[in-house]
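Here's a short tour of one part of a protein model. Have a look at the picture first, then read on.

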Amino acid sequence: DGVSITQPALTERGELLIAGADAMGGAGIRRLSISQGASGWNAAEGWTSRGLKPYFNDFVVHKGHAFGFDGSILSSISLIDGKRNWKGGRYGSGQLVLLADQDLLLVVSEEGDLALVSATADGFFEVTRFKAIEGKTWNHPAMAGNVLLVRNGEEMAAFRLPLATAVAESR
């Protein structure tokens with residue numbers, strides 16, 4: 001039996017993060033440094049962390065930290081040493097995308113809720129949460145311009161979001 005992996009990610013320093021997944025909730029995440037030398041390619045392990053164990057869902061990298069799911073609970077780890085910054089918020093087998101310019105995670109829960117969560121190492125902070133669609137939702141949310149799309153096997157919803165320039169001008 002092989003172990004599957006979620007989508008790998010690159011750190012800001014060019015290191016590779018890989019996460020092995022298994023039926024017990026994930027094997028953890030590993031930071032690798034990849035280099036090319038005279039004798040070929042080399043891979044050196046920086047650390048392995050069990051503080052973030054994505055199994056069904058991807059994770060994102062932002063400002064020196066990785067954010068993703070540790071089982072069904074959102075979690076953040078430091079890219080320096082792999083130690084957990086925080087763990088909080090139950091979203092089932094949800095998905096997330098990074099809104100980097102706003103330091104936010106857009107999380108879709110397995111139950112169809114949409115949540116905005118602060119993408120900082122300071123602690124778990126859910127800015128807002130509301131019901132977007134009904135039913136089991138395992139799909140990634142998607143952005144097209146200022147339109148947020150959320151779907152599952154039964155429903156789809158589109159939300160028109162205010163543009164950042166419009167919000168700034170209204171202040």
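What follows walks through one sheet, strand by strand.

## The sheet as a whole

Keep in mind that this is a predicted model. The sheet we're visiting is an open one, built from 3 strands in the order S14-S15-S16, with antiparallel pairing. Strand S14 (142–144) and strand S16 (156–160) sit at the edges, and each of them pairs on one side only.

How are neighbouring strands turned against each other? On average the angle is 25 degrees, ignoring direction.

## From S14 to S15

Start at S14, which is joined to S15 by 3 bridges, the two running antiparallel. If you'd like a residue pair to look for, try Met143: its bridge partner in S15 is Leu148.

The two strands form a hairpin with 2 residues between them. Which residue takes a positive phi in this hairpin? That's Gly145, with a value near 65 degrees.

## From S15 to S16

Next comes S15, covering residues 147–151, which pairs with S16 in the antiparallel sense over 5 bridges. Here too there's a hairpin, and 4 residues link S15 to S16.

Two pairs help you find your way along this part. Leu149 has Ala158 in S16 as its bridge partner, and Arg151 stands opposite Met156 in S16.

## A tip for looking at side chains

When you follow a strand by eye, remember that in a regular strand the side chains alternate between the two faces of the sheet. You can try that out on S15, residues 147–151.

Key:
Residues are numbered from 1 along each chain as its sequence is written. This is a predicted model: local features need pLDDT of at least 70, side-chain atom pairs count only at pLDDT 80 or more; totals for chains, interfaces and linings use all residues. Side-chain values use heavy atoms; hydrogens and water are left out. Two strands pair if DSSP finds at least two bridges between them. Axes are lines fitted to C-alpha atoms, for helices over the stretch in contact, and angles run from 0 to 180 degrees between N-to-C directions.
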